[in-house]
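I opened my notebook to write down what I looked up, one step at a time, beginning with a single residue and then moving outward.

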Amino acid sequence: MSESGGCGRGSARPATAAMGSRAEVLKLFRALHRTRQQVFKNDARALEAARQKINEEFRNHQDETSSERIAELMKIGSDVEVLLRTSVIQGLHTGSDTLIIKCLYPGKICY
């Protein structure tokens, strides 16, 4: 590593392979957090729990070097993002026996 802490000339990793994988991992990390913010909007507990879980999972695997394992983890993360985006619904109690279901994505049918 260079003195700045980045992957500079002194890095032990090949720059092209490491940067391509790193860029994809960061893209997934950001996508999960964006989806978390949309899906759990106005639910502070769920927002914080999801934030902690996403960060924990990425932190637990930050030293992974096997390209096969990284691909497997990326697939799992991508599947989780899709499930959150397409399968979680929000409901709002408006009375003792009334619930409004909010569709998070216009154009999709929410029941």
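Is Glu57 buried or exposed, or does Glu57 count as partly exposed? I kept in mind that I was reading a predicted model. I found that Glu57 has 31% relative accessibility, and because buried means under 20% and exposed over 50%, Glu57 counts as partly exposed.

I then looked up where this residue sits, and found Glu57 in helix α2, which covers residues 44-60. I noted that its side chain is joined to that of Lys53 by a polar contact of 2.9 Å. I also looked up Leu73, which is 16 residues from Glu57 in sequence and 9.6 Å away in space, C-alpha to C-alpha.

Next I turned to the salt bridges, for which the count is 5. In helix α2, Arg51 and Glu48 lie 3 residues apart, about one turn of the helix, and their closest N and O atoms are 2.6 Å apart.

In helix α3, residues 67-87, I found Glu72 and Arg69, again 3 residues apart, with a salt bridge of 2.8 Å, N to O. I looked up Arg85 and Glu81 in helix α3 as well, 4 residues apart, and their salt bridge has its closest N and O atoms at 2.9 Å. Here I wrote down that Arg85 is partly exposed at 31%, whereas Glu81, at 11% relative accessibility, counts as buried.

Last, I looked at the whole protein chain, which has 3 helices and 2 strands in the order α-α-α-β-β. Of its 111 residues, 18% are buried.

Technical notes:
Residues numbered from 1 in each chain as written. Predicted model: local features only at pLDDT ≥ 70, side-chain atom pairs only at ≥ 80, totals over all residues. Heavy atoms only, no water. Buried < 20%, exposed > 50% of the residue type's maximum accessible area, 1.4 Å probe, protein only. Polar contact = N/O pair within 3.5 Å; in protein donor to acceptor, adjacent residues only side chain to side chain. Salt bridge = Lys/Arg side-chain N within 4 Å of Asp/Glu carboxyl O.
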